[in-house]
Amino acid sequence: MPAALKIRRARARDASVLIAFNRAMALETERKDLWPRVIGAGVRGLLRRPDAGFYSVAELDGRVIGALMITKEWSDWRNGDFWWIQSVYVDPEHRRRGVYRRMYAYVGKLAARDRAVVGFRLYVEHNNRRAQSTYSAAGMERTHYLVYEHLKPGVRFFTPVGAASSRRRRKARTKR
């Protein structure tokens, strides 16, 4: 990757590219079409709440080509914060060129200066072997934890890709 790559904290003006990256990542990795108004409000909300977390972006020749989000989780066991790495995305034409490695090093330097940070965590799709390889190469280790979630009733934020065509096929089969 050229030395001209600049890693910095995202600002409000980066919201549109962060929204686009989040939508592209969800589509690519989970086949979810994120609803623009929900992800837009979420991105802008975090940009306004630095106490909750922040985005870092990779910029090349004035164009944002990669991003990751950090959110904070208090660990009572360690008396400090884990920084969760989330919403990682690198533009496809710039992948496998060290962009993520440089972003990870950047947030590592920020964490080293912050006594409250005790480490990093992230979750990755079970079948996303390429991302798992990238995270291992950066020095992260797989843990024994599994992630569970429970969304409140009514929380909606995406349309499954191909869901409408799957429903039509099911209806057609039941009519036969």
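This report walks through the sheet, the cores, helix 4, the salt bridges and a few backbone oddities of a predicted model.

**The sheet**

Let's start with the strands. Five of them make up an open sheet, ordered 1-3-4-5-6, and the pairing is mixed. At the edges stand strand 1 (6–9) and strand 6; each has a single partner strand, so one side of each has no neighbour in the sheet. From one strand to the next, the twist averages 25°. As background, strands in a sheet pair through backbone hydrogen bonds, in either a parallel or an antiparallel way.

Strand 6 pairs with strand 5 in the parallel sense, over five bridges. If you want a spot to look at there, try Trp84, whose bridge partner in strand 6 is Arg121.

Then there is helix 3, which lies across strand 1, strand 3, strand 4, strand 5 and strand 6. Relative to strand 5, helix 3 runs at about 160°.

**The cores**

In soluble globular proteins, nonpolar side chains tend to be buried together. Here the largest nonpolar core has 25 residues, and the members touching the most others are Leu68, Ile70, Trp83, Ile85, Tyr100, Met103 and Phe120. Two or more residues each come from strand 3 (53–60), strand 4 (63–75), strand 5 (80–90), helix 3 (99–112), strand 6 (117–122) and helix 4 (129–137). Which element gives the largest share of this core? That's helix 3, with eight residues.

Met103 is a handy way into this region. Setting aside neighbours within four places in sequence, Met103 is in contact with Ile7, Ser56, Val57, Ala58, Gly66, Ala67, Leu68, Tyr89 and Val90. Apart from the largest core lies another one, of 18 residues, including Ala10, Ala52, Tyr55 and Val64.

**Helix 4**

Helix 4 has a buried set made up of Ala131, Gln132 and Tyr135. Why do these residues sit on the same side of helix 4? Because they cover an arc of only 100° around the axis. An α-helix has 3.6 residues a turn, so residues three or four places apart point the same way. On the other side of helix 4, Arg129, Arg130 and Ala137 are exposed.

As for what the buried residues of helix 4 pack against, the list is strand 5, helix 3 and strand 6. After helix 4 comes Gly139, with a positive phi near 105°.

**Salt bridges**

Side chains of opposite charge can pair when their charged atoms come close. The model has seven salt bridges, and three of them are set out here with their N to O distances.

| Pair | N to O distance |
|---|---|
| Arg8 and Asp14 | 2.8 Å |
| Arg23 and Asp33 | 2.6 Å |
| Lys32 and Glu30 | 3.1 Å |

Buried or exposed: how do Arg8 and Asp14 come out? Both are buried. They also belong to a salt-bridge network that links Arg8, Asp14 and Glu59.

Arg23 and Asp33 are ten residues apart, with Arg23 in helix 1 (residues 15–30) and Asp33 in strand 2 (residues 32–34), and the pair links distant parts of the chain. Arg23 counts as partly exposed because its relative accessibility is 28%, and Asp33 is partly exposed at 32%.

The Glu30 and Lys32 pair has partly exposed members too: Glu30 has a relative accessible area of 34%, and Lys32 has 21%.

**Helix 1 and Ala15**

Ala15 is found in helix 1 and, at 8% relative accessibility, counts as buried. Beyond its neighbours within four places in sequence, Ala15 is in contact with Val43, Arg44 and Leu47. Ala15 and Tyr145 are 130 residues apart along the chain, and their C-alpha atoms are separated by 32 Å.

**Backbone oddities**

Most residues other than glycine have a negative phi. Arg31 goes the other way, with a positive phi of about 55°; this residue is found in the loop between helix 1 and strand 2. Ser87 also has a positive phi, near 50°. Where is Ser87 found? In strand 5, and Ser87 is partly exposed, with a relative accessible area of 21%.

Key: Residues are numbered from 1 along each chain as its sequence is written. This is a predicted model: local features need pLDDT of at least 70, side-chain atom pairs count only at pLDDT 80 or more; totals for chains, interfaces and linings use all residues. Side-chain values use heavy atoms; hydrogens and water are left out. A salt bridge is a side-chain nitrogen of Lys or Arg within 4 Å of a carboxyl oxygen of Asp or Glu. Buried means under 20% relative accessible area, exposed over 50%, partly exposed in between (1.4 Å probe, protein chains only). Helices (H or I, at least four residues) and strands (E, at least two) are DSSP runs, numbered from the N terminus. A nonpolar core is a set of buried Ala, Val, Leu, Ile, Met, Phe, Trp, Tyr and Cys residues joined through side-chain atoms within 4.5 Å. Contact means heavy atoms within 4.5 Å. The arc is that of the directions from the helix axis to the C-beta atoms. Two strands pair if DSSP finds at least two bridges between them. Axes are lines fitted to C-alpha atoms, for helices over the stretch in contact, and angles run from 0 to 180 degrees between N-to-C directions.
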